[in-house]
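Work through the exercises below with the structure open. Each task is followed by a solution in steps.

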Amino acid sequence: MHQPMVGLLRFAKEKCEDFVKNFKDFINETKVNKKEKIGILKFVKYFEDFVQEAEACWEPIKKDSYEKLSNIYDGIVREIFKAIDEIASGSFKTPSEVVLFQNYHYMNHIMRSMSGLKELTKKARESYLHWQKEYVKKYFGRPLEKIHEFFEKVQAKIDRGLKHQDISYQLELSANNLREIIREYPAKEIKKGLSDLYNRVEKHLVENSSLLDVVWREMSHEFINQYKNYEHLIKMCYEGQSIKFEFTESDIYRIFNEISIEKSRDHKF
């Protein structure tokens, strides 16, 4: 390697070591108000700017020294991951799951443009998907609460050995009781409940987040899964008794889509 290039690499190494130390100090000294909404953390955005600058600066010597740059990235990324986890664990206003999946999603987006760090990039993506799923599971809850409780009792009886065809003969699990509960959930009420849920999710995420549509779609899948489970139990335990929900699977998809369109329209005015 030419002498000037060696000197350049040595200078870059020294400066980078100083920068990495300062960056890690910046990460560790970053404070957030736990009682306020937490979005994309400052050091995550700062890392995005750094990567863009670093990739441009190291481009002329990348062939010979990219491993050094990867090592620099590695140290910073690990520190960022640690800080994201710590800040999320102490968040009050914003659900910790949201702090985690939003920031890991952002990190995954940044890291896909980098060479190397495949394992850490994979970790960012897996963490984003895991915490998004946990958020959906926790905050979607049971929109058909009474129906869910009814079928929990049905499933418990089955698990204890009661035959499917004998379920409807249990007084509290009679077909008439189920019909009365189902009447409490017309499509209109379902839409109202889901609309309130959409507002809640929107308040949790950063403004105009691209993840809102992703989370909303996952919530629609969760609802459909619950609905299909109830339909399955009705078919197994109440066959021939003309028990049906007052909405269909197609209605559920339509309601989710309508809410998304209506809310997007509202933001334009």
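A residue counts as buried when its relative accessible area is under 20%. By that cut-off, H5 buries Leu 120, Thr 121, Ala 124, Ser 127, Tyr 128, Gln 132, Tyr 135, Val 136, Tyr 139 and Phe 140. The coordinates come from a predicted model.

**Exercise 1. The overall fold**

Find how many helices and strands the protein chain has, and what share of its residues is buried.

Solution.
- Step 1. Count the elements. The chain has 10 helices and 0 strands.
- Step 2. Read them in order from the N terminus: α-α-α-α-α-α-α-α-α-α.
- Step 3. Take the burial. Of the 269 residues, 43% are buried.
- Step 4. Turn to contacts between residues at least 6 apart in sequence. Of these, 74% join residues at least 24 apart.

**Exercise 2. The length of H5 and its end**

Compare the span of H5 with what its residue count predicts. Then state what follows the helix.

Solution.
- Step 1. H5 has 23 residues, which at 1.5 Å a residue should span 33 Å.
- Step 2. The end C-alpha atoms of H5 lie 33 Å apart, so the two values agree.
- Step 3. Move past the helix. Gly 141 follows H5, and its phi is positive, near 65°.

**Exercise 3. H4 against H5**

Determine how the axes of H4 and H5 are arranged, and which residues meet.

Solution.
- Step 1. Two packed helices are described by the angle between their axes and the distance between the axes.
- Step 2. H4 covers residues 96–111 and H5 covers residues 118–140. Their axes come within 8 Å and cross at roughly 150°.
- Step 3. Angles over 145 degrees count as roughly antiparallel. H4 and H5 are therefore roughly antiparallel to each other.
- Step 4. Assign the hand. The crossing of H4 and H5 is left-handed.
- Step 5. List the contact. From H4 come Glu 97, Val 98, Leu 100, Phe 101, Tyr 104, His 105, Asn 108 and Met 111. They meet Leu 120, Thr 121, Ala 124, Arg 125, Ser 127, Tyr 128, Trp 131, Gln 132, Glu 134, Tyr 135, Lys 138 and Tyr 139 in H5.
- Step 6. Sort these residues by type. The contact of H4 with H5 has 11 nonpolar, 5 polar and 4 charged residues.

**Exercise 4. H8 against H9**

Describe H8, then its packing on H9.

Solution.
- Step 1. H8 has 18 residues. From first C-alpha to last, H8 reaches 26 Å, close to the 26 Å expected at 1.5 Å a residue.
- Step 2. Pick out the buried residues of H8: Ile 190, Leu 194, Ser 195, Leu 197, Tyr 198, Val 201 and His 204.
- Step 3. Set the geometry. H8 and H9 pack at about 145°, with axes 11 Å apart. The crossing is right-handed.
- Step 4. Name the partners. Ile 190, Leu 194, Leu 197, Tyr 198, Val 201 and Glu 202 in H8 meet Leu 212, Val 215, Trp 216, Met 219 and Phe 223 in H9.
- Step 5. Classify them. The contact of H8 with H9 holds 10 nonpolar residues, no polar ones and 1 charged.

**Exercise 5. Two loop residues with positive phi**

Locate Asn 208 and Ser 242, and decide whether each is buried or exposed.

Solution.
- Step 1. Asn 208 sits in the loop between H8 (187–204) and H9 (211–237). Its phi is near 55°, positive although the residue is not glycine.
- Step 2. Asn 208 has a relative accessible area of 69%, so it is exposed.
- Step 3. Ser 242 sits in the loop between H9 and H10 (249–267). Its phi is near 50°, again positive in a residue other than glycine.
- Step 4. Ser 242 has a relative accessible area of 68%, so it is exposed.

**Exercise 6. Two phenylalanines**

Work out where Phe 19 and Phe 247 lie, and what each touches beyond four places in sequence.

Solution.
- Step 1. Phe 19 belongs to H1 (residues 3–29). With a relative accessible area of 25%, Phe 19 is partly exposed.
- Step 2. Phe 19 touches Tyr 46, Phe 50 and Ile 76.
- Step 3. Ile 72 is 53 residues from Phe 19 along the chain, and their C-alpha atoms are separated by 9.5 Å.
- Step 4. Phe 247 lies in the loop between H9 and H10. At a relative accessible area of 3%, Phe 247 is buried.
- Step 5. Phe 247 contacts Leu 144, Tyr 185, Ala 187, Ile 190, Phe 223, Tyr 227 and Ile 252.
- Step 6. Ile 190 is 57 residues from Phe 247 along the chain, with 9.1 Å between their C-alpha atoms.

Note on methods:
Residues numbered from 1 in each chain as written. Predicted model: local features only at pLDDT ≥ 70, side-chain atom pairs only at ≥ 80, totals over all residues. Heavy atoms only, no water. Axes fitted to C-alpha atoms, helices over the stretch in contact; angles between N-to-C directions. Helix = DSSP H or I, 4+ residues; strand = E, 2+ residues; numbered from the N terminus. Parallel < 35°, antiparallel > 145°, perpendicular 65-115°, else oblique. Left-handed = near helix turned anticlockwise from the far one by under 90°. Contact = heavy atoms within 4.5 Å. Nonpolar A, V, L, I, M, F, W, Y, C, P; charged D, E, K, R; others polar. Buried < 20%, exposed > 50% of the residue type's maximum accessible area, 1.4 Å probe, protein only. Expected span 1.5 Å × (residues − 1).
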